[in-house]
Every structure is written in structure tokens, then in C-alpha cells.
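Q: I would like to learn how to read a protein model feature by feature. Where do we start?

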Amino acid sequence: MEKSIFDFGLNTNRRHFLSKLSLGLGSAALGSLLIPDMFKGGGESDVNDLMAGLPHFAPKAKRVIYLFQNGAPSQLDLFDYKPMLNKMHGQDLPESIRAGQRLTGMTANQAKFPLAGSVFNFAQYGKSGAWMSELLPHMSKIVDDLCIIKSLNTEAINHDPALTFFQTGAQVGNRPSMGSWLSYGLGSENQNLPGFCVLLSRGKGNGQGVYSKLWTNGFLDSVHQGVQFSSGENPVLYLNDPDGMNREERRKMLDKLSQLNQNTFDEFADPEVTAKIQQYEMAYRMQTAVPEITDMTKEPESIVKMYGPECLVPGTYAANCLLARKLSEQGVRFIQLYHQGWDSHGGLPNEIKGQCMDVDQASAALITDLKQRGLLDETLVIWGGEFGRTNYCQGTLTKDNYGRDHHPRAFTVWMAGGGVKPGIVYGETDEFGYNIVKDPVHVHDFHATILNQLGLDHEKLVYKHQGRRYRLTDVAGKLVKGIIA
């Protein structure tokens, strides 16, 4: 008996069903214009596909550059000026301040918790009068472009879960990263480059490693996974044609492979097959786009001077900041930088000097560069780590040397552009820099606000997986309205 057009078996999903109905090319073309990612790989239900590729409301930002300082910078030596710590240097942290709060295994057995004032000078800058450390002379000059949040707090007290929490909204692995959520929710602005790119650099201090689960697509289609750029001869691995194959032969091979994959999809309706087709095509297009965008030799001398000479050395923080600007300029949705080396449990004054030499000039240059190109308003730039540092010393305390342990209760990040208020300081900690006394911002609140700036309601950006609806903000999160312009 001839099959009915509705008789497709249990493996059929919505997209496959529509294709079997011979969806007209005109309708398909119109759909791809209105919703660019309408025909990408899907999930378990229509809730995963129906509105992906469109913002929920008018966005204030189009893309994000996240300058993640891996290992946790000391907010007390950079942004959160606390003269009380210098006044009480060496005295024990009052128990009324700590109030039995959780400690790491590295300091839990200390007999005392001597307060450590910063050895670095602070001053107020800009119209906002924000306090900045002498370690950040370049950031101090752009302070009126920054929205400094001093009241971030997280639940995790160790690096791996805290880092994973900031990147994925969960302390465990196998959840989509923020960049993957944005790629899924908004699609790509440039069909020749990935929507989500990852850049790594290593500083002069002690570093916590980074790992691919931080830019994983999790249960989303693999086209949303972050693409790592390296500092080697080939910025994206396995992108070049094999020896003996030219571009024309590559094109013919991909066409044949696409036909085979399409046959597999027609039989099994597995959306991951279509994702693989898209990945092969993206790699082919990137062969031309990536070498051009990673070539720094064409940058004018004024730009090199702005970012510093290290911007011409692949794999440095400065080079990655400049590359981030170029990727953002070309429409990459989410650029994630990781700069390692901030884990200062001992010898902090010396280590943090080296770290700030790595990041201060280039971070400020990125803001200035985006601003002079008219791109800062539509680009949200974020700078910060996975938690903060304690006000008491880990190990031996001297007049000019100390270490600081992990402190998830209160720490500082800054944001710029992308519709956040410039030149403000949001949130406040107590005189010891230990507890938040005004306007706390949880990681879920932080994520909800980032999504909001890109036109996404964090409660509506949902993906159904194994019977449960997942969000970047899980079942929490509220907008930090006080920082939205």
C-alpha cells in the first residue's frame, strides 16, 4: 500500500515533517530571512526551535566580549578600596564579620585570620569618582565608560565549580555555555565565522587551567559550540585542506558528503546530521575568513600603540583583545577571552603586578577602540573573574607581602557599552570588604541582565532536554535594573 504523507514513523520531527510536505522554496527562503536559524538542528519539541534566531524584544547590544580573568583577581587590591584593612593590618578578622561563613580547606585550619590591607595606593578618578588602584593606570582613564559592580556573589568556593557556574549557569558540567545560549537564541550575524569564539592567554602568575567544557554546547546542537582560536601557525585547527587537495576538490568532496548526510537525515531524521553539514560548510567558508581576520600586520601604528606592542604577538592578552575587536566588528556574537594567572594564594603583591601589566592597557584600549569606531554602544564588554579574594591573609603576613584565599561572598566586575550605565559604581561592601551591604548581584542575576541587553528574556530562552526545560539562569535570576541605561 502506498504510504500516506503523514506516515513517517516515530523518528520524524517537525522539520522533517515539513520537508516531506514539500515546503515551497519561496516560503523556505522567506523563513530563512525572517528567522535565520529556523532550519538548524532541533531538539525534543517545538519549544526548542520555534523562535530561536529572533530576540524577544529590541536589543540594546548585538554582541558580547567577555574578558574573563581566570583565577579570581583581588578586588581589594584593584577596585574595592578599604582603608579599614590598612588601619587594622595584622589584627584578626572579627568573628562578627565572618559569622561562621564557609572557608576553603586551605585556610579553614588557620588559628587566626589576620587582616591584610592593600600595599597599593588608591585614588578617585573621573566624574564618577570611582576608586581605582595604582595598578590600573589605563583603566583609570576610562573609568567614566565603566559600570563597576562591587556586589557580585556566587555559591561556589572552589575554582572549577565557580568557573563553570559563571560560564554555564550551573556548577556541574554538560550544560551549554553562555556563548552557546546566545548562538542558539540569536543565531549568527556573519555566515563566514562562528557565532561563538574562544581565545586563551596565560599570565605571569599562578594559573588555574581552562577546559573545553567551559565553551561546550552541552545538549544544544553542536553548531553552537565555541570555536577555539590558537596562537599557532593555524589559528583554528584542522581548517586547512589536506596535502594534495585544492579548494575546488574540497568543494566537490563536501558536496558529495552533504548528499550522503542528507540521505542519512531523510532516513533517520537526526538533527545532529544537519548540524554536521553546517559545520563542514562553516569550516569551508572560514578557510578564507580566518586568515584575513587574524592578520594583525594591516593594523595602523596608532592601534598598535594603543593596545601595546604585545598585540602583535599571537596568544598574548593584548593580541586577543585586538582580535576580539576584529571578530566583534565582523559580527561574531560572543567572544570569550580567558586570561589565566590570577590565583594568588601567596606572594600576591608581586604576582598581581605582572597580571595587571598584562591586562590593564589592552582592556582599556579595547573600550577606547570600540568607542572610536562607534561599536561600543552595541557591544557589551565584561571584565572579571569567578569569585573574589579574602580580606585576611592566607599563610604568613608581613608588612609588604600576603596571600588571599577564595572569597565568593563579595567581589567586583565591570561592564561597559551594550546599554549599561556608564560611569557608575553599583553595590557596596562593608568596611572590611567581606559582606555586601547594598544591592547584591547573584550570578543568575548577572546572566539575566546580560541576556536582557541582547534582547532576550532569560525566562523564555528555554531548551527542552530529557523531559526538562533548561535555562541559563536555571529557576532563578532577576534583572539588575539599576545598571541598565
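A: Start with contact, which means heavy atoms within 4.5 Å. Keep in mind that this is a predicted model. Now take Trp414. Leaving out residues up to four places away in sequence, Trp414 touches Phe79, Met139, Leu146, Cys147, Ile148, Ser363, Ile367, Val381, Ile382 and Trp383.

Q: Which residues have the most contacts inside the largest nonpolar core?
A: The general idea is that nonpolar side chains tend to be buried together in soluble globular proteins. Here the largest nonpolar core has 54 residues. Leu327, Trp383 and Trp414 have the most contacts inside it. Helix α13, residues 348–372, gives the most to this core, with 10 residues. Another core lies apart from it, with 49 residues. Ala72, Leu152, Phe387 and Tyr463 are among them.

Q: What do the totals for the protein chain look like?
A: The chain has 14 helices and 17 strands. Of its 485 residues, 56% are buried. Its exposed surface is about 21000 Å², and carbon and sulfur atoms supply 52% of that. Now look at contacts between residues at least 6 apart in sequence. Of these, 79% join residues at least 24 apart.

Q: How do I read a single strand, say β1?
A: Check cover, then side-chain direction, then partners. β1 spans residues 63–70, and 8 of its 8 residues are buried. Arg63, Ile65, Leu67 and Gln69 point one way. Val64, Tyr66, Phe68 and Asn70 point the other way. Both sets are buried.

Q: Which strands pair with β1?
A: β8, residues 379–384, pairs with β1 in the parallel sense over 6 bridges. Leu67 stands opposite Trp383 in β8. β7, residues 334–340, also runs parallel to β1, and 7 bridges join the two. There, Asn70 stands opposite Gln340.

Q: Where does Gly384 sit, and is Gly384 buried or exposed?
A: Gly384 is in strand β8. The cut-off for buried is under 20% relative accessible area. Gly384 has 2%, so it is buried. Its contacts, beyond neighbours within four places in sequence, are Tyr66, Leu67, Phe68, Gln69 and Val413. Gly384 and Tyr66 are 318 residues apart along the chain, yet their C-alpha atoms are separated by 8.4 Å.

Q: Why is α14 described as largely enclosed?
A: Count its buried residues. In α14, 11 of the 11 residues are buried, so the helix is largely enclosed by the rest of the structure. His444 and Phe446 are among them. α14 covers residues 443–453 and holds His444. His444 counts as buried because its relative accessibility is 8%. Its contacts, leaving aside neighbours within four places, are Phe165, Gly169, Leu472, Thr473, Asp474, Ala476 and Gly477. After α14 comes Gly455, with a positive phi near 85°.

Q: Which residues other than glycine have a positive phi?
A: Most residues other than glycine have a negative phi. Gln466 departs from that, with a phi of about 50°. Gln466 lies in the loop between β16 and β17. Gln466 is exposed, at 66% relative accessible area. Asp474 is another case, with phi near 55°. Asp474 sits in the segment after β17. At 25% relative accessibility, Asp474 counts as partly exposed.

Q: How do I read aromatic pairs?
A: Use ring-centre distance and plane angle. Planes over 60 degrees apart count as edge-to-face. The count here is 18 aromatic pairs. Trp181 and Phe219 have ring centres 6.4 Å apart and planes at 80°, so the pair is edge-to-face. Trp181 is in helix α8 and Phe219 in the loop between β5 and β6, so the pair ties together parts 38 residues apart in sequence. Tyr184 and Tyr463 are also edge-to-face, at 5.5 Å centre to centre and 80° between the planes. Tyr184 lies in α8 and Tyr463 in strand β16, so this pair ties together parts 279 residues apart in sequence. Tyr184 is buried at 3% relative accessible area, and Tyr463 is buried at 5% relative accessibility.

Q: Which residues form one aromatic cluster, and what lies over the face of Tyr470?
A: Tyr66, Phe68, Phe166, Trp215, Tyr338, Phe411 and Phe446 form one cluster. Arg468 lies over the face of Tyr470, at 4.4 Å from the ring centre.

Key:
Residues are numbered from 1 along each chain as its sequence is written. This is a predicted model: local features need pLDDT of at least 70, side-chain atom pairs count only at pLDDT 80 or more; totals for chains, interfaces and linings use all residues. Side-chain values use heavy atoms; hydrogens and water are left out. Buried means under 20% relative accessible area, exposed over 50%, partly exposed in between (1.4 Å probe, protein chains only). Helices (H or I, at least four residues) and strands (E, at least two) are DSSP runs, numbered from the N terminus. Two strands pair if DSSP finds at least two bridges between them. Accessible areas come from the Shrake-Rupley method with a 1.4 Å probe; for residues, only the protein chains shown count as cover. A nonpolar core is a set of buried Ala, Val, Leu, Ile, Met, Phe, Trp, Tyr and Cys residues joined through side-chain atoms within 4.5 Å. Rings of Phe, Tyr and Trp (its six-membered ring) pair if their centres lie within 6.5 Å; planes under 30 degrees apart count as stacked, over 60 as edge-to-face and the rest as tilted. A charge sits over a ring if NZ of Lys or CZ of Arg is within 6 Å of the ring centre and within 35 degrees of the ring normal.
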